[in-house]
Every structure is written in C-alpha cells, then in structure tokens.
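Got the viewer open and ready to click around? Let's take a walk through this one, stop by stop.

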Amino acid sequence: LFARGNRKLSRLLVSAHEKGCKFDSWSDRFDFGLWQEACEDTGVDIDYFNRRKRDLDEQLPWDHIDTKVSKDFLKEERERAENLKSTGDCRSGDCSGCGVCDFEVIEPRTFKESPKEQPLKSEKNKNISYRKLKVSFSKTGTAKYFGHLELVNIMFRAMKRADIDIKYSQGFHPKPKVSFEDPLAIGIESEVENMYLAVSHLIKRKEVVQRLNKQLPEGLEILECTDAPSKAEINRLNGFTYRVRIKDFDFDEKAINKFKNQEVVLVERLSKKGKINKINLKNVVLNITLTSKREIEFILKPDNGKIVRPYQVLKKIFNFTDEQNNQALVVKIRSRKG
C-alpha cells in the first residue's frame, strides 16, 4: 500500500512541476489551485495521505530508519498516555524496555556532579570600561556576494579570532553590541562601509585595524578606525552615493530629465508582513547625474525609514530588465552631500 502510494505521489510531483509549481516554499509563488489540478489529473486523494486515521500496525514512511525504540514500546506508551499514566525515568529507576540499550555499549550514564558553570561573557565584562568606535571597511570583488547576515557573522568570527574584547548586551542571551550603518544588497560593491562597536579601552584603534585585517577573507578590508560620532550626527547623514556602470549600454539622458521633471514617481515594495508599501522616488533619489554615456551617479536617502535599492531605481527610471540589472556594476562610493 505504501509503495503504491509512493508511486502516486511521484506522479503527482511530476504533474505539479509541469504545471509550474516551483519554489512553492515562497508564499508569493505558491498556487494551491495548480496542486488541486495535479491531484485530479493523477487521481491522488490528498485527504487519504493527510487526514485519515491510520492503523497502529500500518507501515509508515520512516519505518526503514532504525531508531532502536521498538514499535511495541511506542504502542504501550500511547496507551499509558491515553490513561494518564507516566513512565518512570530509567536513569534513576527500572529499565522501561524501550529497546535502545544493550547494556554493553549503550546504557544510561548519569553524573552526580555537574561541571562548574562558567560566567557569561556579559558578567565577565561588567568591570571593564568601553569606548565606542567607528570601523570603516571596503567590500569589493567576490565579497560583494556576501549577504548582510553572512557579513555580520564573518565580522563576529573575525573579532573573536582577533581576540578583540567587545561589549556584550545584558540578559539571558548576550550578543555583541555591534551595529551597521546601511546594509548592502547582494551583488553591490562598496568603497566604504561603517560599523559601530564598543571595545575595551585597553585596545588601541590601530590594533583593531591590524588584527581584523588578518582574519578577514579576500574582498573585505578594514580601512580605518576612529571614535564613533554621536547618534545625532549619524542620523544627519545625507544619504549614500552609488555609481552604476553597464557594459554596452548608453544611459538615456532624456529618461533622467523626465524623472527630474516629475513630481511623483512611485515604486512598490513588499514588506515582511506581506503589505505593499508605496514609496515616492522623488523623496529618495537625489542628484542623479550622467557622468558619462555608460555611467551614472545618484544619492539614495531613506524616506521615513523606508529604503529603496539601486536596482529598483534603474528598473523604474531606465526600464532595466532583470538581465540588465544582473549585468550592472553597482558600487557604493563615499557619501556626498545632497
């Protein structure tokens, strides 16, 4: 029965794939109607596999895996649970007879004395004084393919290997107190990125640069380390400047002038909660200029916390296709005043 069901499910998957059911783990790509059509075409009753009550002796998909626990023991446990009875702890009492232990190689082992608890990182550093630093780094070459979360992990590991004493948050799960100025999208290079971290007063700024550079992969380089500005100064940033080049493509100056003469140019972004946000590019894109036939520069500034990526700008103003966006060389350069 199970083997026959497997063949049916295989035909179902082939049929669904042919109908376009791909990347269905992404909610925006999932189409339940196509799956229903595939079920009808292959004669698969989804309720038979998902909702029916199974017999305790029925063969299950995972029965070929030897977990050492016998089925008879699991049935007994089910009965005990239905009768509100508990099973004793075999580590301190009698054997429950689950079938896992052979009492030669596998058997319960307990330790009366627990190892000494090590103090949390946050507790160790309570009496250490810290200062906040601004660390500037470049992200070029193959490093442009690091996603932001991957970049954060790389930096954390580099700090740990470099033995840089950074400040941790308090609480049950202490985390390094490190923040990044403007997360980059995958595929974009940057001449200068900034992160802020609190380090021990005992370490010099030059040491931070030297130690981190020894631990970072190719494409990531620490440029300088200075005292961090105030939050007010950081918030007064006038945006981030991007330079875009594309091979065998001349940017249309008329498209730039058309954009400048418009009052509203809307783009849509899908939030994490599935809500569509409309953003006016006129409030976000500043000083867009044609530096050569095949190169433009523009400044992107957040609009009430909403960020637009350079690829969206290229698509909206110059009608770039996805293929052209993939071919474009986008570099974030040092910020300029808008």
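Start by selecting Ser-190 and Lys-332: Lys-332, in β10, is the bridge partner of Ser-190. Strands β3 and β10 (residues 329-333) pair in the parallel sense, over two bridges. Strands here are DSSP runs of E with at least two residues, helices are runs of H or I with at least four, and both are numbered from the N terminus. Two strands count as paired if DSSP finds at least two bridges between them.

A quick word on what you're looking at: this is a predicted model, where local features need pLDDT of at least 70 and side-chain atom pairs count only at pLDDT 80 or more, while totals for chains, interfaces and linings use all residues. Residues are numbered from 1 along each chain as its sequence is written, and side-chain values use heavy atoms, with hydrogens and water left out.

Keep Lys-332 selected and add Glu-193. Their side chains meet in a salt bridge, at 2.8 Å from N to O. (A salt bridge is a side-chain nitrogen of Lys or Arg within 4 Å of a carboxyl oxygen of Asp or Glu.) Glu-193 lies in β3 and Lys-332 in β10, so this pair ties together parts that are 139 residues apart in sequence. Are these two buried or exposed? Both Glu-193 and Lys-332 are buried. Buried means under 20% relative accessible area, exposed means over 50%, and partly exposed is in between, using a 1.4 Å probe and protein chains only.

Now select the whole of β3, residues 189-200. The strand is mostly covered, with 11 of its 12 residues buried. Which other strands pair with β3? One is β1 (residues 130-139), which runs antiparallel to β3 and is joined to it by nine bridges. Click on Lys-134 and you'll find Tyr-196 of β3 standing opposite. Another is β2 (residues 178-180), paired with β3 in the antiparallel sense over three bridges. There, Val-178 has Leu-197 in β3 as its bridge partner.

Next stop, the greasy part. In soluble globular proteins, nonpolar side chains tend to be buried together. A nonpolar core is a set of buried Ala, Val, Leu, Ile, Met, Phe, Trp, Tyr and Cys residues joined through side-chain atoms within 4.5 Å. The largest one here has 31 residues, and Phe-251, Phe-298, Leu-314 and Phe-318 have the most contacts inside it. Elements giving two or more residues to this core are β5 (240-245), α9 (253-261), β8 (285-292), β9 (295-300) and α10 (310-318). The top contributor is α10, with five residues.

Zoom in on Phe-318. Leaving out residues up to four places away in sequence, Phe-318 touches Phe-251, Asp-252, Ala-255, Ile-256, Ile-288, Ile-296 and Val-313; a contact means heavy atoms within 4.5 Å. There's also a second, separate core of 27 residues, and Val-178 is in it, along with Val-152, Val-199 and Val-209, among others.

Finish with some more charged pairs, out of the 21 salt bridges in the structure. Select Arg-294 and Asp-250, whose closest N and O atoms are 3.1 Å apart. Arg-294 sits in the loop between β8 and β9, and Asp-250 in the loop between β5 and α9, 44 residues apart. Arg-294 is partly exposed at 39% relative accessibility, and Asp-250 is partly exposed at 44%.

Last click: select Glu-191, Arg-243, Arg-245, Glu-295 and Glu-297 together, and you have a network linked by salt bridges.
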